[in-house]
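I opened this model to note its pocket, its core, two of its helices and a few backbone oddities. The entries follow in the order I looked things up.

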Amino acid sequence: MDTLLLDSPPTMSSTSPRKVLIGLIGAGIQQSLSPALHEEEARHHGMRLHYQLIDLDRSASSPAQLPTLLSAARIMGYAGCNVTYPCKQAVIAHLDDLSEEARAMGAVNTVVVQDGRLVGHNTDGSGWAWGFQRALPEADLAHVVLLGAGGAGAAIAHAVLRLGAQRLAIVDAQPERAAQLAADVNALYGARARASDIATAMAQATGLIHATPTGMDKLPGVPLDVGLLRPAMWVSEVVYFPLETALVQAARALGCRVSDGGGMAVGQAVGAFELFTGVAPDPARMDAHFRQLVTRR
């Protein structure tokens with residue numbers, strides 16, 4: 001009888017915290033705030049969440065290792081992984097299914113393990129929309145300029161058109177990339193987008209969305225001639241290191257209403273957290289925590 005008791009598996013206490021394992025796959029991600037953001041929010045929900053940085057630069061790896069990394073995550077019981085540069089497009093070929101949004105955008109930033117299957121999602125667009133609507137709830141979307149047609153820009157193009165933008169002018173250093181993005185979104189939402197140069201686009205703009213890396217700590221500067229800004233315009237920034245980019249400072253000084261890059265950073269994390277855990281996070285708490293983390297940097 002004693003032997004049977006010793007051999008029996010331990011019974012989990014009803015108060016034992018739920019354990020969740022997730023991660024981030026990307027290159028040069030050691031400064032990411034995602035681990036602190038997700039782990040702290042999980043603590044408020046009585047969960048023990050560990051967020052692992054899987055940095056391709058640290059192991060001299062490349063997107064070619066994605067099948068191995070995803071297989072390992074599945075075997076090790078991960079709830080899923082966030083995915084960032086340079087893997088958002090490359091990861092799609094190794095997934096079992098895609099959400100409607102990820103399929104439309106052709107990019108994935110969140111992979112969820114569901115019953116052993118890898119399902120790709122994209123919370124970048126919805127994350128930007130969350131931050132934008134929170135900061136600029138009455139923004140005029142009659143003539144929107146999107147500067148940058150890369151991964152972030154593509155997600156935002158879909159999101160702003162879903163919010164009801166009447167006209168979207170897409171500007172990129174590679175005109176063919178802007179033209180392709182315009183064609184892609186027009187096929188889904190009607191002929192509302194066009195590729196343009198910055199001067200022409202800004203002439204009638206009611207608002208500007210900046211979606212390039214310019215303004216980051218490691219790439220300082222302003223992405224356009226600030227003389228093209230007007231006080232009546234709103235400006236939405238995606239760069240959040242620092243929050244007060246040169247563009248944000250110039251726009252505020254001119255009197256423009258501004259949405260800083262923290263909104264998108266928090267918004268995409270809010271969406272990813274719920275996909276990973278099935279628990280709705282507190283967006284305001286996550287936003288306050290994020291801004292504390294940025295201030296400490």
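**Entry 1: pocket.** Before looking, I fixed the term: a pocket is an open set of grid points with protein on both sides within 12 Å along at least five of seven lines. The model is predicted, and I read every entry below with that in mind. I looked up the largest pocket and found a volume of about 1700 Å³. Its lining has 49 residues, and the closest to the pocket centre are T84, Y85, K88, M216 and Y240.

I then asked which elements supply at least two residues each to the lining of the largest pocket. They are α2 (34-44), β3 (80-83), α6 and α10. Of these, α10 gives the most, with 4 residues. By class I noted 27 nonpolar, 15 polar and 7 charged residues in the lining.

**Entry 2: helix α10.** Since α10 came up in the pocket, I checked its geometry. The 16 residues of α10 should span 22 Å at 1.5 Å a residue, and the end C-alpha atoms are 22 Å apart, so the two agree. I also looked up burial: 13 of the 16 residues are buried, so α10 is largely enclosed by the rest of the structure. Just after α10, G278 takes a positive phi of about 75°.

**Entry 3: helix α5.** I ran the span check on α5 (residues 124-135) as well. Its 12 residues should span 16 Å at 1.5 Å a residue, and its end C-alpha atoms are 17 Å apart, which agrees. Which residues of α5 are buried? I listed D124, G125, G127, W128, A129, G131 and F132. These buried residues pack against α4 (100-105), α6 (151-162), β10 (207-210), β11 (234-237), β12 (257-259) and α10 (262-277).

D124 is a charged residue within α5, so I looked at whether it is buried or exposed. Its relative accessibility is 6%, and the cut-off for buried is under 20%, so D124 counts as buried. Beyond its neighbours within four places in sequence, D124 is in contact with K88, N109, A155, M264 and Q268. One of these, K88, is also among the residues closest to the centre of the largest pocket.

**Entry 4: nonpolar core.** In soluble globular proteins, nonpolar side chains tend to be buried together. I therefore looked up the largest nonpolar core, which has 29 residues. Those with the most contacts inside it are W128, L146, V160, L168 and I170. Two or more residues each come from α5, β7 (143-147), α6, β8 (167-171) and α7 (175-189). The largest share, 6 residues, comes from α6.

I followed I170 further. Leaving out residues up to four places away in sequence, I170 touches L146, A149, A178, L181, A182, A193, R194, A195 and S196. L146 is thus a contact of I170 and also one of the residues with the most contacts inside the core.

**Entry 5: backbone.** Most residues other than glycine have a negative phi, and most peptide bonds are trans. I looked for exceptions and noted these.

- The peptide bond from Y85 to P86 is cis, with omega near 5°; P86 is in the loop between β3 and β4 (97-98).
- The peptide bond from F241 to P242 is also cis, with omega near 5°; P242 is in the loop between β11 and α9 (246-254).
- A60 is not a glycine but has a positive phi of about 50°. I found A60 in the loop between β2 (47-55) and α3 (66-75), and its relative accessibility of 75% makes it exposed.
- D115, not a glycine either, has a positive phi of about 55°. D115 sits in the loop between β5 (110-114) and β6 (117-121) and is exposed, with a relative accessible area of 83%.

**Entry 6: two more loop residues.** S99 is in the loop between β4 and α4. At 16% relative accessibility, S99 counts as buried. Not counting residues up to four places away in sequence, S99 touches G120, H121 and N122.

M76 is in the loop between α3 and β3 and is exposed, at 55% relative accessible area. I took one distance from M76: A211 is 135 residues away in sequence, and the two C-alpha atoms are 35 Å apart in space.

Terms used. Residues are numbered from 1 along each chain as its sequence is written. This is a predicted model: local features need pLDDT of at least 70, side-chain atom pairs count only at pLDDT 80 or more; totals for chains, interfaces and linings use all residues. Side-chain values use heavy atoms; hydrogens and water are left out. The expected span of a helix is 1.5 Å times one less than its number of residues. Buried means under 20% relative accessible area, exposed over 50%, partly exposed in between (1.4 Å probe, protein chains only). Contact means heavy atoms within 4.5 Å. On a 1 Å grid over the protein atoms alone, a cavity is a set of points where a 1.4 Å probe fits but cannot get out, and a pocket is an open set with protein on both sides within 12 Å along at least five of seven lines; lining residues have an atom within 4 Å of a point. Grid points are joined across faces, edges and corners, and a volume is the space filled by probe spheres set on the points. A nonpolar core is a set of buried Ala, Val, Leu, Ile, Met, Phe, Trp, Tyr and Cys residues joined through side-chain atoms within 4.5 Å.
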